[in-house]
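Visitor: I'd like to learn how the terms people use for a structure get decided. Can we take one and go through it together?

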Amino acid sequence: MVIMSNTIDKCLDPVPRVDIGFFPTPLQRLHNLSEKYDIDLYIKRDDLSGPGFGGNKVRKLEYIIAEALEENCDYIVTYGGFQSNHCRQLTASCRKYGLEPVLYLIGDEEPKESRANLHLDRLMDAEIHHITDDLGDVGKTLEPAMELAQQRIDELKKEGHRVYNCPSGGFNPTGTLGFIRAFGELDSQFKKMKITPDYLVHATGTGGTYTGLMMGKKIIGSDVGILPFSVAPLFPGLKGKISETSKEVSKKLNIDGAIISPDEIDIDTDHYGPGYDIPYQGSINAVKELAREEGIILGPAYTAKAMAGLLDNIKKGKIQEGSTVIFWHTGGTPTIFAESSIVGDVYG
Ligand SMILES: Cc1ncc(COP(=O)(O)O)c(C=O)c1O
């Protein structure tokens, strides 16, 4: 089947989905920053998307939780850094649907105090396994974490449970559907608000949000330029994974024309600073600027880095004056209450 126009809802309708989020999330104009930078700047408020402080993962989890329930699972295992937004949103979503969340959280050492997302994970009573990041790279430590998790999965299965194994960031073909649907939601808002966007900017980590948005854009035939800003060095093989996932999703939905080829993937890696979860002056300034100019709180590890990239591109003229830009606020706001090594000095 060739998709000609706005048929996203139609192609997703047959796929099971549960309601978790508060959708559509608002699309708001940032008047002060628009005036300051001579652009038309809007923000898509997925920081307001759902229970347990929301964020982009809620969209993926609506499909993932539905799949877990279809498979009669009663446990979900997942992975992330010890301040993972994904793990916190998965825990909140599990609590709504009576599933037991099991988290493998990777960090330097077990934190003495539970702040931000870790505080919320504990409050919601997730089963937490702390994995020390001996390799100094959360991405690389995922592999040993998954091996350890497999032992727990086998144990749970022996006890008669059914376990859904959710990858980090909820990046699998099922989770990707959430961001295809999200693109359809945004496109309807463009039409209602008579917005013709030039660029859509967002933070990228595992690549699932980007994959869904790119597929949604292709399905609709939109011209908007999608600009992903990575928050860490790219995972090895990421472009191949994005492309393969788009193929699997296309097959699942029985659609043509939405496959992403590795050559068209262009992810900015110039604005994550010293590394994942480490702030730098540009990202700290972005947090302060959004808070002080618009009263909007960014998360230091993701949206702050993407906003730093957007502001830098505007200042360098890579995003031209007069452009219409959408910044997708993918959430992570609880991490503004995280350790100062993650947040940085945001008062001065
Ligand atoms: C706040 C926030 N923004 C963006 C992302 C990146 O999303 P993805 O993993 O789908 O690339 C994440 C992922 O953890 C996140 O927590």
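Visitor: Which residues come nearest to the ligand, of the 15 around it?

Guide: They are Lys57, Lys60, Thr206, Thr209 and Thr330. A residue is near a molecule if one of its heavy atoms lies within 4 Å of it. Keep in mind that this is a predicted model, where local features need pLDDT of at least 70 and side-chain atom pairs pLDDT 80 or more, while totals for chains, interfaces and linings use all residues. Residues are numbered from 1 along each chain as its sequence is written, and side-chain values use heavy atoms, with hydrogens and water left out.

Visitor: What makes the Gly208 pair a polar contact?

Guide: The cut-off is a pair of N or O atoms within 3.5 Å. A backbone N or O atom of Gly208 lies 3.4 Å from an oxygen atom of the ligand, so the pair counts. For Gly205 the distance is 2.8 Å, and for Gly207 it is 2.9 Å, so those count too.

Visitor: How much of the ligand is buried?

Guide: The protein buries 97% of the 390 Å² that the ligand exposes alone, by the Shrake-Rupley method with a 1.4 Å probe.

Visitor: Why are strand 1 and strand 8 called edges?

Guide: Five strands (DSSP E runs of at least two residues) form an open sheet in the order 1-2-9-7-8. Pairing takes at least two DSSP bridges. Strand 1 and strand 8 each have a single partner strand, so one side of each is left without a neighbour in the sheet.

Visitor: How do you know that strand 2 and strand 9 pair?

Guide: They share six bridges, in the parallel sense, and at least two are needed, so they pair.

Technical notes. Helix = DSSP H or I, 4+ residues; strand = E, 2+ residues; numbered from the N terminus. Polar contact = N/O pair within 3.5 Å; in protein donor to acceptor, adjacent residues only side chain to side chain.
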